[in-house]
Amino acid sequence: MAHRFKVGQLVEYKPIGARVSLFKIVRHLSEEFPATDWKYRIKSDQESFERTALECTLSPSIVLETSYEEVKPLRRVGRHH
């Protein structure tokens, strides 16, 4: 079984507590267990970090990049300065 998405491909992903956003596949992650879904590293141009996502949570992007709203940063709970 092969990865459904290619490195560099734009995909839609919905972060917890946010709207669906546009992300780029950064790399494929190795399969840990034969029965699990493929994992990917994905990155949004609006965030400074990469995320790990399962293939079942991603879908191919068919909408223009300009149609997506900005991704809001995660709110860290219990963090004091």
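The legends below describe close-up views of a predicted model.

**Figure 1. Overall make-up of the protein chain in the predicted model.** The protein chain has zero helices and five strands. Read from the N terminus, its elements follow the order β-β-β-β-β. The protein chain has 81 residues, and 27% of them count as buried. Its accessible surface amounts to about 6300 Å², with 54% of this belonging to carbon and sulfur atoms. Among contacts in the protein chain with a separation of 6 or more, 40% come from residues 24 or more positions apart.

**Figure 2. The open sheet and the order of its strands.** Five strands make up an open sheet, arranged as S4-S3-S2-S1-S5, and the pairing is antiparallel. Strands of a sheet pair through backbone hydrogen bonds, in either a parallel or an antiparallel way. Strand S4 (50-54) and strand S5 (59-60) are the edge strands, and each of them pairs on one side only.

**Figure 3. Strand S1 beside strand S2.** S1 and S2 run antiparallel and are joined by four bridges. Valine 11 has phenylalanine 23 in S2 as its bridge partner. Phenylalanine 23 is buried, and its ring also takes part in an aromatic pair, shown in Figure 7.

**Figure 4. Strand S2 beside strand S3.** The pairing of S2 and S3 is antiparallel and comprises five bridges. Within it, isoleucine 25 stands opposite isoleucine 42 in S3. In a regular strand, side chains alternate between the two faces of the sheet.

**Figure 5. Strand S3 beside the edge strand S4.** Five bridges hold the antiparallel pairing of S3 and S4. Lysine 43 has glutamate 50 in S4 as its bridge partner. The side chain of glutamate 50 also forms salt bridges, with arginine 27 and with arginine 41; these are the topic of Figure 8.

**Figure 6. The aromatic pair of phenylalanine 5 and tyrosine 40.** The structure has two aromatic pairs. In this one the ring centres of phenylalanine 5 and tyrosine 40 are 5.8 Å apart and the planes stand at 65 degrees, so the pair counts as edge-to-face. The two residues come from distant parts of the chain, 35 residues apart: phenylalanine 5 is in the segment before strand S1 (10-13), and tyrosine 40 is in strand S3 (residues 39-43). Both phenylalanine 5 and tyrosine 40 are buried.

**Figure 7. The aromatic pair of tyrosine 13 and phenylalanine 23.** The centres of the rings of tyrosine 13 and phenylalanine 23 are 5.5 Å apart, and their planes meet at 90 degrees, so this pair is edge-to-face. Tyrosine 13 belongs to strand S1 and phenylalanine 23 to strand S2 (residues 21-29), and the pair links these distant parts of the chain across ten residues. Tyrosine 13 is buried, as is phenylalanine 23.

**Figure 8. Salt bridges around glutamate 50.** The whole structure contains three salt bridges. One of them joins arginine 27 to glutamate 50, with 3.5 Å between the closest N and O atoms. Arginine 27 is in strand S2 and glutamate 50 in strand S4, so this pair ties together parts that are 23 residues apart in sequence. Arginine 27 has 39% relative accessibility and therefore counts as partly exposed. Glutamate 50, at 28% relative accessibility, is likewise partly exposed. Glutamate 50 forms another salt bridge with arginine 41, where the closest N and O atoms are 3.2 Å apart.

**Figure 9. The salt bridge between arginine 51 and glutamate 47.** The side chains of arginine 51 and glutamate 47 meet at 2.7 Å, N to O. Arginine 51 counts as buried because its relative accessibility is 12%, below the 20% cut-off for a buried residue. Glutamate 47 is buried too, with a relative accessible area of 7%. Elsewhere, salt bridges with shared partners join Arg27, Arg41 and Glu50 into one network.

**Figure 10. Serine 44 in the loop between S3 and S4.** Serine 44 lies in the loop that runs between S3 and S4. Its relative accessible area is 2%, so serine 44 is buried. The side chain of serine 44 reaches the backbone nitrogen of glutamine 46 at 3.1 Å.

Definitions and conventions. Residues numbered from 1 in each chain as written. Predicted model: local features only at pLDDT ≥ 70, side-chain atom pairs only at ≥ 80, totals over all residues. Heavy atoms only, no water. Phe/Tyr/Trp six-rings, centres within 6.5 Å; stacked < 30°, edge-to-face > 60°. Buried < 20%, exposed > 50% of the residue type's maximum accessible area, 1.4 Å probe, protein only. Pairing = 2+ DSSP bridges. Salt bridge = Lys/Arg side-chain N within 4 Å of Asp/Glu carboxyl O. Polar contact = N/O pair within 3.5 Å; in protein donor to acceptor, adjacent residues only side chain to side chain. Contact = heavy atoms within 4.5 Å. Areas by Shrake-Rupley, 256 points an atom, 1.4 Å probe, with all protein chains shown as cover.
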